[in-house]
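User: I am new to this structure. Please walk me through how to read its features, one at a time.

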Amino acid sequence: MTDTEILIRSYYDAFNRRDFEDMLALLSEDVRHDVNEGGHEIGRDAFRAFVERMNRCYREHLTDIRVAVGEHGAYAAAEYVVHGEYIASDEGLPPAKGQKYVLPGGAYFDIKDGRIARVTNYYNLSDWIRQVNP
């Protein structure tokens with residue numbers, strides 16, 4: 001495994017352990033987070049606020065994680081399957097009632113100085129809404 005693959009797998013391992021401090025420690029201070037179907041945020045503090053909201057509203061575990069690393073390790077991509085439970089209503093989305101969902105997802109990463117400098121997440125929001133609001 002390359003250093004970049006180890007970094008990305010460590011990020012997802014921390015996510016699955018719900019060890020968000022370990023996950024955040026893998027990010028650069030000025031990390032760019034491109035939110036699925038949304039804008040972008042800059043900085044570890046903004047990413048921390050996003051993670052806290054996600055942790056409050058969703059309980060998720062990722063499986064079938066596959067990581068691909070670009071030449072020289074400066075870029076990576078991952079795909080996975082999200083197994084989740086919608087535990088608290090998130091603003092602008094259907095009400096939460098403990099609905100379970102399974103959703104494929106993916107992410108792109110920029111790597112700089114051994115840390116994650118960009119995270120761009122993708123998943124099908126319409127599919128998720130169909131699953132939690134049939």
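User: Let me start with one residue. Is Arg-59 buried, partly exposed or exposed?

Analyst: A note before the answer: this is a predicted model. Buried means under 20% relative accessible area, and exposed means over 50%. Arg-59 has a relative accessible area of 42%, so Arg-59 is partly exposed.

User: Which side chain does Arg-59 meet in a salt bridge?

Analyst: The general idea comes first. Side chains of opposite charge can pair when their charged atoms come close. Here Arg-59 meets Glu-85, with 3.4 Å from N to O. The two partners are 26 residues apart and link distant parts of the chain. Arg-59 sits in strand E3, residues 58-69. Glu-85 sits in strand E4, residues 75-86.

User: How many salt bridges are there?

Analyst: The count comes to 11. One of them joins Glu-21 and Arg-48, whose closest N and O atoms are 2.5 Å apart. That pair also links distant parts of the chain, at 27 residues apart. Glu-21 belongs to helix H2, residues 20-25, and Arg-48 to helix H3, residues 44-57. Glu-21 has 48% relative accessibility, so Glu-21 counts as partly exposed. Arg-48 has 24%, and Arg-48 also counts as partly exposed.

User: Which residues are joined into one network by salt bridges that share partners?

Analyst: Arg-17, Asp-19 and Asp-22 are joined in this way. Within that network, Asp-22 and Arg-17 meet at 3.0 Å, N to O. Asp-22 is partly exposed, with a relative accessible area of 38%.

User: Now the interior. How many residues are in the largest nonpolar core?

Analyst: In soluble globular proteins, nonpolar side chains tend to be buried together. In this model the largest nonpolar core has 35 residues. Those with the most contacts inside the core are Ile-8, Tyr-11, Tyr-12, Phe-47, Phe-109 and Ile-116. Helix H1, residues 3-17, gives the largest share of the core, with six residues.

User: Take Phe-109 from that list. What does Phe-109 touch?

Analyst: Leave out residues up to four places away in sequence. Phe-109 then touches Ile-8, Tyr-11, Tyr-12, Ala-74, Tyr-75, Ala-76, Ala-78, Ile-116, Arg-118 and Val-119. Its relative accessibility is 0%, so Phe-109 counts as buried.

User: How do I read a pair of rings? And how many aromatic pairs does a search of the whole structure find?

Analyst: A pair of aromatic rings is described by the distance of the centres and the angle of the planes. The search finds 11 aromatic pairs. Take Tyr-11 and Phe-109 as a case: their ring centres lie 5.7 Å apart and their planes are at 80 degrees. Planes over 60 degrees apart count as edge-to-face, so this pair is edge-to-face. The pair links distant parts of the chain, 98 residues apart. Tyr-11 is in helix H1, and Phe-109 is in strand E5, residues 99-112. Tyr-11 counts as buried, at 5% relative accessibility.

User: What is the angle between the planes of Tyr-108 and Tyr-122?

Analyst: Their planes are at 75 degrees and their centres are 5.8 Å apart, so this pair is edge-to-face. Tyr-108 is in strand E5 and Tyr-122 is in strand E6, residues 115-123. Tyr-108 counts as partly exposed, at 43% relative accessibility. Tyr-122 counts as partly exposed too, at 45%.

User: Which residues do ring pairs link into a cluster?

Analyst: The cluster holds Tyr-11, Tyr-12, Tyr-80 and Phe-109.

User: Let me try a residue without a ring. Where does Ala-107 lie, and is Ala-107 buried or exposed?

Analyst: Ala-107 lies in strand E5. Ala-107 is buried, with a relative accessible area of 2%. Leaving aside neighbours within four places in sequence, its contacts are Tyr-12, Ala-76, Ala-77, Ala-78, Tyr-80, Thr-120 and Asn-121. The C-alpha atoms of Ala-107 and Ala-78 are 5.3 Å apart, though 29 residues separate the two along the chain.

User: Last, the pocket. How much space lies in the largest pocket?

Analyst: About 760 Å³. There are 31 lining residues, and the closest to the centre are Phe-50, Arg-53, Met-54, Glu-60 and Tyr-123.

User: Which element gives the largest share of the lining?

Analyst: H3 does, with six residues. Elements that each supply at least two lining residues include H1, H2, E3 and helix H4 (125-132).

Methods:
Residues are numbered from 1 along each chain as its sequence is written. This is a predicted model: local features need pLDDT of at least 70, side-chain atom pairs count only at pLDDT 80 or more; totals for chains, interfaces and linings use all residues. Side-chain values use heavy atoms; hydrogens and water are left out. A nonpolar core is a set of buried Ala, Val, Leu, Ile, Met, Phe, Trp, Tyr and Cys residues joined through side-chain atoms within 4.5 Å. Buried means under 20% relative accessible area, exposed over 50%, partly exposed in between (1.4 Å probe, protein chains only). Helices (H or I, at least four residues) and strands (E, at least two) are DSSP runs, numbered from the N terminus. Contact means heavy atoms within 4.5 Å. Rings of Phe, Tyr and Trp (its six-membered ring) pair if their centres lie within 6.5 Å; planes under 30 degrees apart count as stacked, over 60 as edge-to-face and the rest as tilted. A salt bridge is a side-chain nitrogen of Lys or Arg within 4 Å of a carboxyl oxygen of Asp or Glu. On a 1 Å grid over the protein atoms alone, a cavity is a set of points where a 1.4 Å probe fits but cannot get out, and a pocket is an open set with protein on both sides within 12 Å along at least five of seven lines; lining residues have an atom within 4 Å of a point. Grid points are joined across faces, edges and corners, and a volume is the space filled by probe spheres set on the points.
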